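Work through the exercises below with the model open. Try each task before reading its solution.

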Amino acid sequence: LIEAAIVLGVVGLVIGGIWVGAAALKNNLRLNNAVTGLTMMKDGAGSLFTAYVIEQLGGFDINRNSTSIAAGIVPADWVKGASIRDPWGESLDITTSIADSYPTRIDICFSNVPVSRCKGLISRVPTTGSDMIGVWANPTFYTTLPISHDGPICNRSHTQFCFVYRPKSR
């Protein structure tokens with residue numbers, strides 16, 4: 001009876017280890033998919049929504065999801081009808097804004113981002129480069145680049161988490 005309990009305990013530990021490993025692998029695949037998709041949308045939106053186009057369209061935080069989907073700049077597996085869903089199934093929005101207190105910009109916004117996902121995204125997404133303005137992690141806009149995942153940006157969950165890019169001039 002004791003041997004059976006030991007065997008069952010060992011089997012349970014092995015299954016538990018496999019379960020934890022599979023969950024970590026699934027999360028890493030989602031993060032990699034998110035970074036690839038974000039890069040695709042950033043590049044596509046930068047060409048589709050130039051500064052000139054954004055200024056002609058006008059507005060502040062104007063949702064551009066339908067235009068982005070129609071233009072094919074959103075990964076196909078992220079499109080759910082007329083909405084965009086990230087690899088975790090949360091809504092994602094692509095918005096544009098003309099200059100206000102911040103420059104004319106393109107925002108790619110993830111929703112309901114827990115601390116672990118924040119750290120994963122910030123550690124994988126390049127937060128330097130001529131087109132990166134900063135990251136809006138509700139309620140704070142971080143513009144000191146590069147952004148560290150160990151800094152205050154990822155010390156809590158965020159309802160909205162946006163990568164903010166400077167559009168091409170024309």
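Two strands count as paired if DSSP finds at least two bridges between them. Helices (H or I, at least four residues) and strands (E, at least two) are DSSP runs, numbered from the N terminus. This is a predicted model: local features need pLDDT of at least 70, side-chain atom pairs count only at pLDDT 80 or more, and totals for chains, interfaces and linings use all residues. Residues are numbered from 1 along each chain as its sequence is written, and side-chain values use heavy atoms, with hydrogens and water left out.

**Exercise 1. Find the bridge partners of strand E4.**

Step 1. Start with strand E1 (residues 62–63). It pairs with E4 in the antiparallel sense, over two bridges. Asn63 has Thr95 of E4 as its bridge partner.

Step 2. Go on to strand E3 (residues 83–85). E3 and E4 are also antiparallel, with two bridges. Here Arg85 is matched with Ser91 in E4. The hairpin of E3 and E4 has five residues between the strands, and Gly89 takes a positive phi near 85 degrees there.

Step 3. Turn to E5. E4 and E5 run antiparallel and are joined by six bridges. Leu92 stands opposite Phe110 in E5.

**Exercise 2. Decide how enclosed E4 is.**

Step 1. Apply the cut-offs: buried is under 20% relative accessible area, exposed is over 50%, and partly exposed lies in between (1.4 Å probe, protein chains only).

Step 2. Count. Five of the seven residues of E4 are buried, so this strand is largely enclosed by the rest of the structure.

**Exercise 3. Trace the largest nonpolar core.**

Step 1. Fix the term. A nonpolar core is a set of buried Ala, Val, Leu, Ile, Met, Phe, Trp, Tyr and Cys residues joined through side-chain atoms within 4.5 Å.

Step 2. Locate the centre of contacts. The largest core has 33 residues, and Phe110, Ile122, Ile153, Phe161 and Phe163 have the most contacts inside it.

Step 3. List the contributors. Helix H1 (2–48), strands E4 (91–97), E5 (105–113), E6 (132–137) and E8 (158–165), and helix H4 (115–124) each give two or more residues. H1 supplies the largest share, six residues.

Step 4. Look for a second core. Apart from the largest core lies another, of five residues, among them Cys109, Phe141, Cys162 and Val164.

**Exercise 4. Is Val10 buried, partly exposed or exposed?**

Step 1. Place the residue. Val10 lies in helix H1.

Step 2. Read its value. Val10 has a relative accessible area of 46%, so it is partly exposed.
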